[in-house]
Amino acid sequence: MRSVHAYDVNRPATLIDLISDALATPREGVLEERLPGRAWESLAAQCVRERVDAVASALRNAGIARGDRVGIFAQNRVDWLVCDYGILFAGAVSVPMYATLADDQVAFIVGEAGIRLMFVETPAQAEKLHALCGTSIRAITFDGEGDDSLQRFEAGSAARGAGARRAPHDASPPVGADDLALLMYTSGTTGEPKGVMLTHGNLVSNVVAAFAPERGELQPGDVAFSVLPFAHVYEHTNALGFLLLRLTHVVSVPDRLLDDIREARPRVAAFVPRIFERVLTGVLARARADGGLRAQLVPWALAAARQHARAHADGRSPGPFLALRFALARALVLRKLKAALGLERIGHLVSGSAPLPRDTALTFAGAGIPVCEGYGLTETSPVVSVNRTAAIRYGSVGKPLADVEVRIADDGEILVRGPNVMRGYYRRETDVPFVDGGWFCTGDIGRLDADGYLWIVDRKKDLFKTTGGKWISPARIEAAIKRSPYVGQAVVVGANRPHPTALIAPAWDLVRREFALPEDTATGRIAARDDVRGRIEAEVVRATAELAPHEQVRRVILLPRDLTLEDGELSPTLKIKRRIVEARYAGLIEAAFAAVSLP
Ligand code: AMP
């Protein structure tokens, strides 16, 4: 039995405690979603609790015991969270997988984690799973009506009566802080995925440390919006934070993002940088399509917003001319823009998982939407540091959480210690990314400023040296290049070459318009044009002018198409898999180094 007197609602011991507490008080609108072809559905606290209990009992009836691994292989939806929490309530370990994960990786994870039961979305996915992993694995489907549908699974447990239900904290021994809760496989840019072992204690500590300070700014019943996959630890922890703060959690997916957000009008949401960029690109494209005055006004207003926010962020006065421009921009465009996007109630947006270009964040800030960038890894549950709205330092990833220690090693690597740090990698006893004193080695390069804000400089393993012996940080150069609106994606390569080179996928639509090309002009044809290359090269020279001489890009390679997840060039968190891109375009890279270099 859980000892009641030692229990503190502000410091739950396990995720089971945290979830039970959050669902104990009657409340409408705990989880909401709008599935394709259906109306909005909203689940009250009691309903969520009953469903979670039903899934937990059904799992136990299906022979799942404490510590067993149970998979979830689906897109975000309310059922996803219900099953995840049901797995935890059964004392088992949840093993989430991205809906887009490649077949060989699914088979690998199912095999390594020893998964015997898996929640999937559709009957077709269940069939695919059986073809991949054999029919001995049981697949419970969110959609579908057969015996193995989620609906029947839950209903079956209820039909067996109370005898089948046993809350895990009644079990002996009880699930505790040291029990494994999640086995999260990281994307692994090289080789096989690695299973990160996160305990109840790891996750609870991180949810509380990241979200408790938001009490006051976020009130119970405020709308929180999810679009990033729950299969990544970032949104998984956010969902728990929304429960902790008693928010109304609207569950969405990227295809429905813009529509859902307009309807949900959230107060808080977490994005990755690419979504921020997608929103801005969408706003600009829309203005251009509208034509007339708007086509000029919207880009002008966003530029005024960015410049005004930058002046503030840099501690400068904007000056009377910019102040006037900004006031006009706000009155004419920015206020309406917020409402048109469904962001008029937003308190702040959070960004994480990859570096957010400072100018992108400042554009949102200028439009009245503060962006709090944070930093973390799957191995740290994930939050290490985050900016808080009262004291945002744009460009940094904020200050470490209250119970998380950060130290910078001699070579610049960020080391982390705290209750949020994983137990280790599953079945990889020799892969121990810790140094003396129990510090976890993040593989990221960073610095702490005088006020304790953390700044990410690069990722350790991506650093490379030129033939001149100078270290090159590709992320830094890419961030500079991506300031140009003509650049969609950029990858800097050049290990053991005289200078770095950039592979660039242009912002195709902008280039088409600029060069008056028909809308259906293929990307490969655009990339082959000398005039387009000339323009992009000029942009790159301009954008990198402020970097050190050895960091200046001397050659530009235009990619014939965007890098994509489907082609294996991006990880599921949309990070570029550098080695794969480099290998795939080796021919183009060779040819570029043989060609004339930029001035
Ligand atoms: P993952 O385990 O998929 O969450 O990836 C963790 C990695 O994402 C970290 O080691 C960083 O390299 C990167 N990362 C996360 N947040 C940020 C950020 N705000 N800025 C730069 N890199 C980040």
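Good morning. I begin at G438, a residue placed in the loop between β19 (434–435) and β20 (439–448). Helices (H or I, at least four residues) and strands (E, at least two) are DSSP runs, numbered from the N terminus. Before going further, I should state that this is a predicted model, in which local features need pLDDT of at least 70 and side-chain atom pairs count only at pLDDT 80 or more, while totals for chains, interfaces and linings use all residues. Residues are numbered from 1 along each chain as its sequence is written, and side-chain values use heavy atoms, with hydrogens and water left out.

G438 has a relative accessible area of 39%, so it is partly exposed. On this scale, buried means under 20% relative accessible area, exposed over 50%, and partly exposed in between, with a 1.4 Å probe and protein chains only. Leaving aside residues up to four places away in sequence, G438 touches V416 and R417; contact here means heavy atoms within 4.5 Å. The C-alpha atoms of G438 and D562 are separated by 41 Å, and these residues stand 124 apart along the chain.

Beside G438 in the numbering we come to W439, where R407 lies over the face of the ring, at 4.9 Å from the ring centre. A second case of this kind involves K194, whose charged end sits over the ring of Y425, 4.3 Å from its centre. The criterion is that NZ of Lys or CZ of Arg is within 6 Å of the ring centre and within 35 degrees of the ring normal.

I turn now to rings that meet other rings. How many aromatic pairs does a search of the whole structure find? The search gives six. Rings of Phe, Tyr and Trp (its six-membered ring) pair if their centres lie within 6.5 Å; planes under 30 degrees apart count as stacked, over 60 as edge-to-face and the rest as tilted. In one of these pairs, F211 and F242, the ring centres are 6.0 Å apart and the planes stand at 90°, so the arrangement is edge-to-face. Because F211 belongs to helix α7 (residues 200–211) and F242 to helix α8 (residues 233–244), the pair ties together parts that are 31 residues apart in sequence. F211 counts as buried at 10% relative accessibility, and F242 counts as buried at 3%.

F276 and F364 form another edge-to-face pair, 5.2 Å centre to centre with 90° between the planes. This pair links distant parts of the chain, with F276 in helix α10 (residues 273–290) and F364 in helix α13 (residues 358–366), 88 residues apart. Is F276 buried or exposed? At 0% relative accessibility, F276 is buried; F364, at 4%, is buried as well. Together with F271, these two residues form one aromatic cluster.

Helix α10 also appears in the second largest pocket, which holds about 440 Å³ of space. For the method, a 1 Å grid is laid over the protein atoms alone; a pocket is an open set of points where a 1.4 Å probe fits, with protein on both sides within 12 Å along at least five of seven lines, and lining residues have an atom within 4 Å of a point. Grid points are joined across faces, edges and corners, and the volume is the space filled by probe spheres set on the points.

The lining of this second largest pocket has 19 residues, of which V283, R286, L337, A340 and L341 lie nearest its centre. Which helix supplies the largest share of the lining? It is α10, with eight residues. At least two residues each come from α9 (257–264), α10, α11 (292–313) and α12 (319–341). By class, eleven lining residues are nonpolar, two polar and six charged; Ala, Val, Leu, Ile, Met, Phe, Trp, Tyr, Cys and Pro count as nonpolar, Asp, Glu, Lys and Arg as charged, and the others, Gly among them, as polar.

Helix α1 (residues 15–24) has nine of its ten residues buried, so it is largely enclosed by the rest of the structure. Among the elements covering those buried residues are α2 (45–61), α3 (78–89), β7 (180–186), α7 and α8.

Finally, the backbone. Most residues other than glycine have a negative phi, and most peptide bonds are trans. A cis peptide bond joins S381 and P382, with omega about -5°, and P382 is found in the loop between β13 (371–376) and β14 (383–386). R246, in the loop between α8 and β10 (248–251), has a positive phi near 60°. R265, in the loop between α9 and β11 (268–271), has a positive phi near 40°. R246 is partly exposed at 25%, as is R265 at 31%. Thank you.
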